[in-house]
Amino acid sequence: MVEREHSEIMRSLGRLEGKTDAIISRLNGINGTLQSHDKRINETEADVASIKGKAAIIGSLFGAAAAIIGGFLREKLKL
């Protein structure tokens with residue numbers, strides 16, 4: 001009787017260990033995927049920041065050029 005209960009307990013522990021190993025394996029896979037996504041998101045955010053910076057510089061240059069051209073035309077046309 002005791003040996004049968006012991007055997008049943010050991011079998012249950014084996015099943016639990018197998019399930020725990022499967023969960024750990026799955027979590028390791030998910031962590032790898034998350035790291036990959038993190039890297040891609042960081043690269044995308046850096047690219048967006050770079051594009052925004054370049055757009056701000058281009059906008060400033062066009063604004064300055066428009067002000068210079070407008071001032072020049074105002075002087076020439078005496079508006």
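The following exercises, each with a worked solution, concern a predicted model of one protein chain.

Residues are numbered from 1 along each chain as its sequence is written. In this predicted model, local features need pLDDT of at least 70 and side-chain atom pairs count only at pLDDT 80 or more, while totals for chains, interfaces and linings use all residues, and side-chain values use heavy atoms, with hydrogens and water left out.

**Exercise 1. Determine the secondary structure of the protein chain, and test the length of its helix α1.**

Step 1. The protein chain holds 1 helix and 0 strands, where helices (H or I, at least four residues) and strands (E, at least two) are DSSP runs numbered from the N terminus.

Step 2. Helix α1 covers residues 2-77, and just after α1 Lys78 adopts a positive phi of about 55°.

Step 3. The expected span of a helix is 1.5 Å times one less than its number of residues; for the 76 residues of α1 this gives 112 Å, which agrees with the 109 Å between its end C-alpha atoms.

**Exercise 2. Compare the overall dimensions of the protein chain with those of a compact globule.**

Step 1. The C-alpha trace spans about 110 × 15 × 10 Å along its principal axes.

Step 2. The radius of gyration, taken over C-alpha atoms, is 34 Å, whereas a compact globule of 79 residues would have one near 12 Å, by the rule of 2.2 Å times the number of residues to the power 0.38.

Step 3. Between Arg4 and His37, which are 33 residues apart in sequence, the C-alpha to C-alpha distance is 50 Å.

Step 4. Buried residues (under 20% relative accessible area, with exposed over 50% and partly exposed in between, for a 1.4 Å probe and protein chains only) make up 0% of the 79 residues.

**Exercise 3. Locate the salt bridge, and describe the setting of its two residues.**

Step 1. The structure holds 1 salt bridge, meaning a side-chain nitrogen of Lys or Arg within 4 Å of a carboxyl oxygen of Asp or Glu.

Step 2. The partners are Glu8 and Arg11, whose side chains meet at 2.9 Å, N to O.

Step 3. Glu8 and Arg11 are separated by about one helical turn, because they stand 3 residues apart in helix α1.

Step 4. Glu8 is partly exposed at 38% relative accessibility, and Arg11 is likewise partly exposed, at 45%.
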